[in-house]
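Student: I am new to this protein and would like to know how its features get their names. Could we go through the reasoning together?

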Amino acid sequence: MESIERDFRDKVCDQIHLRSEGAKRYRVLTPFRFTDGDHLSILLIVSDGRWLLTDEGHTYLHLTYELDEADFTRGTRQQIISNALTAFEVHEVDGQLVRPVDDGEFGNALYAFIQALLRITDVTFLSRERARSTFLQDLKGFITDIVPEDRLTVDWHDPVLDPEQQYVADYRINSLERPLMIYALPSDDRTRDATISLLRYDSWGLKVRSLGIFEDQEGINRKVLARFTDVADRQFSSLPANKSRIEAYLCGLIDA
């Protein structure tokens, strides 16, 4: 086992360790992690007289923390997984991912297995990006259905004070006593940007109202949310649960 561990370290990285968990069964401890910080689960075992690397179903189980099982067995996600398995010669057996060790090439087998597992976790990034895109598109459609086209500016910036477009509002409702700046807030970064923009407007002396609509307010960092709350006039925690309230708020301003 010392020679196998040494080969793992030579081919992958020097932070690889083996821990015995029984007869011809070893936990492969690595520094590689899923996006949420959990380590990859990898075991080196003997099955039918052959050395194998396996995750014993942990990778797919971990994906179900963020996705329904059906979501990664079809469409683009399924294609990402299939391509990763083929590229790195990994097989799926009853939900377990398995990589045989051929010709004593332990290090090469582990390198390929880790690459496959990391590539498969890319489907969670796809999930988040698609969800964000859907939120932004849904909000745009919702606002443009309510606000007349001649009263709405998309991606507004002050042409005089901000010619480089550094402090942009996602939407501006015009022809009000105080224009309404609307911000779509799917993430901490977008919430920080909105806070900075509103503070900048205040320093310029612009008289505006502000509205923030979150994709999921509960997912925003507490300090980031607190700073935005200090400067925003109105906010809604999500779009789907608040459509009627948002519509009433916007219509009340437009019709006033």
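Tutor: Gladly! Let us begin with a term we need: contact means heavy atoms within 4.5 Å. Keep in mind that this is a predicted model. Helix H6 (residues 188-204) lies across S7, strand S8 (169-173), strand S9 (180-185) and S10, and H6 runs at about 160° to S9.

Student: What makes S7 and S11 the edge strands?

Tutor: Look at the order of the open sheet, which is S7-S8-S9-S10-S11. Strand S7 (152-156) and strand S11 (234-236) each pair on one side only, and that puts them at the edges.

Student: How do you know that S10 and S11 pair?

Tutor: Two strands pair if there are at least two bridges between them. Strand S10 (residues 209-214) and S11 have three bridges, in the parallel sense, so the requirement is met. Within these strands, Leu211 of S10 stands opposite Arg234 in S11.

Student: Why is the pair of Trp156 and Tyr201 called edge-to-face?

Tutor: Ring centres must lie within 6.5 Å to pair, and planes over 60 degrees apart count as edge-to-face. Here the centres are 5.8 Å apart and the planes stand at 75°, so the name edge-to-face fits. The pair also links distant parts of the chain, with Trp156 in strand S7 and Tyr201 in helix H6, 45 residues apart.

Student: Are Trp156 and Tyr201 buried or exposed?

Tutor: Buried means under 20% relative accessible area. Trp156 has 12%, so Trp156 counts as buried. Tyr201 has 1%, so Tyr201 is buried as well.

Student: What makes Tyr167 and Trp204 an edge-to-face pair?

Tutor: Their rings are 5.7 Å apart centre to centre, with 85° between the planes. Tyr167 is in the loop between S7 and S8, while Trp204 belongs to helix H6.

Student: Why is Tyr167 called buried, and what is Trp204 called?

Tutor: Tyr167 has 16% relative accessibility, so Tyr167 counts as buried. Trp204 has 25%, so Trp204 is partly exposed.

Student: How do you know that Arg234 lies over the face of Tyr249?

Tutor: For an Arg, the CZ atom has to be within 6 Å of the ring centre and within 35 degrees of the ring normal. Arg234 lies over the face of Tyr249 at 5.1 Å from the ring centre.

Student: Which residues touch the most other members of the largest nonpolar core?

Tutor: Among its 33 residues, they are Phe8, Val28, Ile42, Leu44 and Leu53. Helix H4 (106-120) is one of the elements giving two or more residues to this core, and H4 provides the largest share, nine residues.

Key. Residues numbered from 1 in each chain as written. Predicted model: local features only at pLDDT ≥ 70, side-chain atom pairs only at ≥ 80, totals over all residues. Heavy atoms only, no water. Helix = DSSP H or I, 4+ residues; strand = E, 2+ residues; numbered from the N terminus. Axes fitted to C-alpha atoms, helices over the stretch in contact; angles between N-to-C directions. Core = buried A, V, L, I, M, F, W, Y, C linked by side-chain atoms within 4.5 Å. Buried < 20%, exposed > 50% of the residue type's maximum accessible area, 1.4 Å probe, protein only. Phe/Tyr/Trp six-rings, centres within 6.5 Å; stacked < 30°, edge-to-face > 60°.
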